Amino acid sequence: MKSHKHNNPNLLISTHTHKLFLSSSPFNFLISLPSFIYLKQQRFAPLFFFFFFLCFSLTTSMVASDTDTADSGPVVPTTQLVTFLQRVQLTALRSYPKKQIPDPKSYIDLSLKRPYNLPTIESAFNDLTSKSHDQSVPVEKLEKFVKKYFDGAGEDLLHHEPVDFFSDPSGFLSNVENEQVREWAREVHGLWRNLSCRVSDSVIESHDRHTLLPLPEPVIIPGSRFREVYYWDSYWVIKGLMTSNMFTTAKGLVTNLMSLVETYGYALNGARAYYTNRSQPPLLSSMVYEIYNVTKDEELVRKAIPVLLKEYKFWNSGKHKVVIRDANGYDHVLSRYYAMWNMPRPESSVFDEESASGFSTLLEKQRFHRDIATAAESGCDFSTRWMRDPPNFTTMATTSVVPVDLNVFLLKMELDIAFMMKISGDKKGSGRFLKASKAREKAFEAVFWNEKAGQWLDYWLSSNGDEPETWKAENQNTNVFASNFAPIWINSFNSNEVLAKKVVKSLKNSGLIAPAGILTSLTNSGQQWDSPNGWAPQQDMIVTGLARSSSKEAKEMAEDIARRWIKSNYLVYKKSGTIHEKLKVTELGEYGGGGEYMPQTGFGWSNGVILAFLEEFGWPSHLNIES
């Protein structure tokens, strides 16, 4: 792939803040005055200098004031195209009737139509909106403008026929004895063809005309509005691809994510210019491990190690790193989510602006926007997990949470890197990461574990997280979430039979196990990562961990949950003809809702978990999937 110049992810000052300052500065008045007044008429010179110094003083005080009251955290600037498309998005919001407003993301995913360039299109847009006081225009004029100057959202992502796809791969789900279930599994397997894409040549050759980022290999997208590759989704996609014997496609997904880490220093939330300010749950090492486990591809492992070391540093330094001191004075190093953004998310700026409208100061709005973007970095956007006063959305405080599941992913990364270094002959490096994993395991016991609950609980920071702070029992979030059981995914936890039995008992009594799977939480807040929804990633992590336990009860619970999840997906598919992003697990055969967008179909990670569960547990011929 050709190399391209990208925004420096280490640049901490936002160009947006600079522009905002200029537009509100007293200097603007000076700039707008005709210069000949000062140059040609000397009698104005004293007045000019008096006014100049007055403006300078006012502006200096404004800068000092803004510095004192503005959020000082890191911000990665976005592109000129993204900034302009936000204006188009806002105009659409103000132009369409409320019930007809298109998905805001569809505007940020537009690309420039040739032969027009951005300055030309901006000029045309200024003309279009020049007579409007609120940026609204007649809908037909807006639609005509968009059609003339832009290629549609998703047109720069082309279908790709995967080279390793076969309609009935060798040995495919041999333990699925029920022919009805087997036939459906083949249909789910066939969906990989629908979701397989590649970026267009224009994205690679003229990336500034697109918000889609160039990638070296074909991709599997989630589906529907998500027409780009997503980071953590890809892990469960790869698990499904392994079942489908699509090893080349799986390796391509990893290659793409590694290219993002090499360019930006971390794997982006998704392969879009507006996602460069945040990552997603770090599962790249787990993807490499899954592929190696099947293919024994040592070359992939060797290529991955330096990339994973770079990603590991990102999650264990700077704002992501937190230190919690236990009662014995021992410092436990853990990590949190922390987006490098403090403005409305471009893909949802309309939603974010409205959500922040109740805040009165710039600092409050910036902190809220950072916590919103940070919740998006968690992949669980949105949930009462991140709210100090749930279900009040404006109390979102994601940067103040030390999350159980993020540290599960990082513990897994440490174990994976240790394993990969060992097979690559680096025993010293392997030992170093094993030691790091032991330290994090100790932190799970000291910071997260709650013996009374039999769960690992998220921890609320008392301060901004920049300095070590002492652990307090009251800072554990005692609300019940599926993520409280995520550590059972790790072998060192699920292999401890005493611990596993405590976790099984707690899960059984938690209220989370529903007719169609595991609830995300017990709170019906209207947010999609809360009740009554269940999600494929959490089903897989908990089921996989329980299934690996030596406890008979844990294994039985794992199979029971997996069968509920498979059955409900089957019933939804038969009713709607599609696989959905999430399920309403309080009822069999219902897909999920809630959140800031309509229910989505496709769907990458759901397909992957269905296939992985069928491979793990099979389906007996006598077991009816419809009743």
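Proline 532 is located in the loop between strand 14 (517-518) and strand 15 (533-535), where helices (H or I, at least four residues) and strands (E, at least two) are DSSP runs numbered from the N terminus. The peptide bond that leads from serine 531 into proline 532 is cis, its omega being near 10 degrees. The model is a predicted one, in which local features need pLDDT of at least 70 and side-chain atom pairs count only at pLDDT 80 or more, while totals for chains, interfaces and linings use all residues. Residues are numbered from 1 along each chain as its sequence is written, and side-chain values use heavy atoms, with hydrogens and water left out.

A cis peptide bond also joins arginine 114 and proline 115, with omega at about 10 degrees. Proline 115 belongs to the loop between strand 1 (111-112) and helix 7 (118-129). Positive phi values occur at leucine 173, near 45 degrees, and at serine 224, near 55 degrees; leucine 173 is a residue other than glycine, as is serine 224. Leucine 173 is placed in the loop between strand 3 and helix 9, and serine 224 in the loop between strand 5 and helix 11. With a relative accessible area of 4%, leucine 173 is buried, whereas serine 224, at 36%, is partly exposed. Here buried means under 20% relative accessible area, exposed over 50%, and partly exposed in between (1.4 Å probe, protein chains only).

Strands 3, 4 and 5 form an open sheet of 3 strands in the order 3-4-5, with antiparallel pairing. Strand 3 and strand 5 occupy the edges and have a single partner strand each, so one side of each lacks a neighbour in the sheet. Two strands are taken to pair if DSSP finds at least two bridges between them. Strand 3 (residues 157-159) is joined to strand 4 (residues 196-199) by 3 bridges; leucine 157 is partnered by valine 199, and histidine 159 by cysteine 197. Cysteine 197 also stands opposite valine 219 in strand 5, and 2 bridges join strand 4 to strand 5 (residues 219-220).

Strand 6 (residues 321-325) and strand 7 (residues 331-335) are paired in the antiparallel sense over 5 bridges, with valine 323 set against valine 333. The hairpin of these two strands has 5 residues between them, and glycine 329 there takes a positive phi near 85 degrees. Strand 6 is further joined by 2 bridges to strand 12 (residues 469-470), and these two strands run parallel. Isoleucine 324 has glutamate 469 of strand 12 as its bridge partner.

The structure holds 34 salt bridges, a salt bridge being a side-chain nitrogen of Lys or Arg within 4 Å of a carboxyl oxygen of Asp or Glu. Side chains of opposite charge can pair when their charged atoms come close. In helix 9 (residues 179-195), glutamate 183 and arginine 186 lie 3 residues apart, about one turn of the helix, and their side chains meet at 3.0 Å, N to O. Glutamate 183 is partly exposed, at 40% relative accessibility. In helix 14 (residues 298-315), lysine 303 and glutamate 299 are 4 residues apart, about one turn of the helix, and form a salt bridge of 3.4 Å, N to O. Lysine 303 is partly exposed at 47%, and glutamate 299 is partly exposed at 42%.

Aspartate 458 forms a salt bridge with arginine 385, the closest N and O atoms being 2.8 Å apart. This pair links distant parts of the chain, 73 residues apart: aspartate 458 lies in the loop between strand 10 (455-456) and strand 11 (459-460), and arginine 385 in the loop between helix 16 (362-377) and strand 8 (401-402). Aspartate 458 and arginine 385 are both buried. A network of salt bridges links Lys105, Asp109, Arg227, Glu228 and Arg272.

The lining of the second largest pocket comprises 27 residues, of which Tyr289, Glu290, Asn293, Thr544 and Arg548 lie nearest its centre. At least two lining residues come from each of several helices, including helix 13 (284-295) and helix 21 (536-548).

Methods. On a 1 Å grid over the protein atoms alone, a cavity is a set of points where a 1.4 Å probe fits but cannot get out, and a pocket is an open set with protein on both sides within 12 Å along at least five of seven lines; lining residues have an atom within 4 Å of a point.
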